[in-house]
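Please look through the sequence and the 3D structure shown here. A short report comes with them.

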Amino acid sequence: MTVVALLSVAPVIEGSMAEEVAEAVAALDDFDVSYETNPMGTVIEADDVDTLLDAVGAAHRAVDGDRISTFLKIDDKRTVDTTADRKVEAVEEHLGREAKGDR
């Protein structure tokens, strides 16, 4: 089973959050998860929900500040083993093209 999640952890501050977001992302390296960071968050894959939640907890705790905002969306598809890449591929099959547009 693969659990896929979208995680966003950030301090509530003015200005750049990049340094603290980097701390959250770096915390994921201590866990058996794969991840990819994009402009709006980090997509994480784990073999089970417990591993995922442990990693998310560490990412949340890694951010320093008086107030931390964490958003987590989990897709725990229990009957089919899938990956984040496969989910995108399925959308692209229906689109008939890459799921990306240029402005």
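The report below goes from the overall layout to the sheet and then to the helices.

## Overall layout

This is a predicted model. Its chain holds three helices and four strands. Along the sequence they come in the pattern β-α-β-β-α-β-α. The C-alpha trace spans about 45 × 40 × 20 Å along its principal axes.

A UniProt record, an unreviewed entry, places the feature "domain: Thiamine-binding protein" at residues 7-92. In the model, 38% of that span is helix and 29% is strand. The C-alpha atoms at its two ends lie 23 Å apart.

## The sheet

How are the four strands ordered in the sheet? The order is 2-3-1-4, and the sheet is open. The pairing is antiparallel. Strand 2 (33-38) and strand 4 (68-75) stand at the edges. Each has a single partner strand, so one side of each has no neighbour in the sheet. From one strand to the next, the twist averages 20°.

In general, the strands of a sheet pair through backbone hydrogen bonds, and the pairing may be parallel or antiparallel.

## Strands 2 and 3

Strand 3 covers residues 41-46 and runs antiparallel to strand 2. Six bridges join the two. A hairpin also links them, passing from strand 2 to strand 3 through two residues. Across this pair, Tyr-35 stands opposite Ile-44 of strand 3.

## Helix 1 on the sheet

Which strands does helix 1 touch? Helix 1 packs on the sheet and touches strand 1 (3-11), strand 2 and strand 3. The direction of helix 1 makes about 145° with that of strand 1.

## Helix 1 against helix 2

Helix 1 spans residues 18-27, and helix 2 spans residues 49-62. Their axes come within 8 Å and cross at roughly 150°. An angle over 145 degrees counts as roughly antiparallel, so helix 1 is roughly antiparallel to helix 2. The crossing of the two helices is right-handed.

Which residues make the contact? Helix 1 supplies Glu-20, Glu-23, Ala-24 and Ala-27. Helix 2 supplies Ala-58, Ala-59 and Ala-62. By class, the contact residues of the two helices divide into five nonpolar, no polar and two charged.

Key:
Residues numbered from 1 in each chain as written. Predicted model: local features only at pLDDT ≥ 70, side-chain atom pairs only at ≥ 80, totals over all residues. Heavy atoms only, no water. Axes fitted to C-alpha atoms, helices over the stretch in contact; angles between N-to-C directions. Parallel < 35°, antiparallel > 145°, perpendicular 65-115°, else oblique. Left-handed = near helix turned anticlockwise from the far one by under 90°. Contact = heavy atoms within 4.5 Å. Nonpolar A, V, L, I, M, F, W, Y, C, P; charged D, E, K, R; others polar. UniProt positions renumbered as here; feature names shortened; annotations may be inferred. Pairing = 2+ DSSP bridges.
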